[in-house]
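Here are some exercises to work through with the model open beside you. Try each task on your own, then follow the solution step by step.

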Amino acid sequence: PVPGQSRMILAHGYNRSVEFTVRDFRKQDFETLWGIDQQCFAPGTSYSRAELATYLRRPGAFALVAESSEASQIDAPNRGRRGGKPSADILGFIVAEALNRGGGHIITIDVLPTARGAGVGSSLLRDAEERLRTAHCHTVILETAVDNQTALSFYKTHQYTVVKTIPRYYSNGVDALVLKKDLLSAAGPAKLPQ
């Protein structure tokens, strides 16, 4: 995908189809993204408004948003207008950053519970990884709570491996696992014994 250009995706999950586009974050999306983060993570793991705003402003940071295609068509005249509806049909988002020395960092990936299983998170992650490759990142890291089995399974599916544990990483005292992925090697099919 071309950076900043949205594209339509038809994904299937939980016996339903979801059409959505992935696009760059817009300032008017902020409150919606913060609300999604509050739904996706428990207090102590979710971000405050100030924390999320700070992450979005960091050097090298970017955010991608998955938005319902049907809603995009319906709400297009109001989008971006002062007082217009603030992107209420966002299904999920990802915040990432390109760091110095060829490293990337996934800060957060959030998908509404009603949109999970339809490929929204996978599309956001793939697009963010591609954006990081374009920024000359050769690896990417992220943190997730040690007790978040759904996230761990998701990241394992996307070839992330655990590299270490950070004790009491979250404000609620929960430890975090640091996961890492090599962005330079293309993941091929598994080689099974004959």
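Rings of Phe, Tyr and Trp (its six-membered ring) make an aromatic pair if their centres lie within 6.5 Å; planes under 30 degrees apart count as stacked, over 60 as edge-to-face and the rest as tilted. Keep in mind that this is a predicted model, where local features need pLDDT of at least 70, side-chain atom pairs count only at pLDDT 80 or more, and totals for chains, interfaces and linings use all residues. Residues are numbered from 1 along each chain as its sequence is written, and side-chain values use heavy atoms, with hydrogens and water left out.

**Exercise 1: rings**

Task: find out how many aromatic pairs the structure holds, and describe how Phe 154 and Tyr 155 are arranged.

Solution:
- Start with the total: there are 4 aromatic pairs.
- Now look at Phe 154 and Tyr 155: their ring centres are 5.2 Å apart with 70° between the planes, which makes the pair edge-to-face.
- Next, check accessibility (buried means under 20% relative accessible area, exposed over 50%, partly exposed in between, with a 1.4 Å probe and protein chains only). Phe 154 is partly exposed at 21%, while Tyr 155 is buried at 6%.
- Tyr 169 and Tyr 170 give you another edge-to-face pair, at 4.8 Å centre to centre and 85° between the planes. Here Tyr 169 is partly exposed at 36% and Tyr 170 is buried at 13%.
- Finally, go back to Phe 154 and Tyr 155: together with Tyr 160 they form one aromatic cluster.

**Exercise 2: opposite charges**

Task: work out which parts of the chain Asp 24 and Arg 131 tie together, then do likewise for Glu 31 and Arg 49.

Solution:
- Begin with the idea: side chains of opposite charge can pair when their charged atoms come close. For a salt bridge, a side-chain nitrogen of Lys or Arg has to be within 4 Å of a carboxyl oxygen of Asp or Glu.
- Count them up and you get 7 salt bridges in the structure.
- Asp 24 and Arg 131 make one of these, with their closest N and O atoms 2.8 Å apart. Asp 24 sits in strand β2 (residues 16–24) and Arg 131 in helix α4 (residues 120–134), so this pair links parts 107 residues apart in sequence. Helices (H or I, at least four residues) and strands (E, at least two) are DSSP runs, numbered from the N terminus.
- Glu 31 and Arg 49 also form a salt bridge, at 3.1 Å from N to O. Glu 31 belongs to helix α1 (residues 30–40) and Arg 49 to helix α2 (residues 49–57), so the parts being tied together are 18 residues apart in sequence.
- Glu 31 is partly exposed at 42%, and Arg 49 is partly exposed at 41%.

**Exercise 3: charges over rings**

Task: which ring does the charged end of Arg 49 sit over, and which one does Arg 131 lie over?

Solution:
- Use the rule: NZ of Lys or CZ of Arg must be within 6 Å of the ring centre and within 35 degrees of the ring normal.
- For Arg 49, the ring belongs to Trp 34, and its centre is 3.7 Å away.
- For Arg 131, the ring is that of Phe 62, with 5.0 Å to the ring centre.
- Put it together: Arg 49 has a salt bridge with Glu 31, and its charged end sits over Trp 34.
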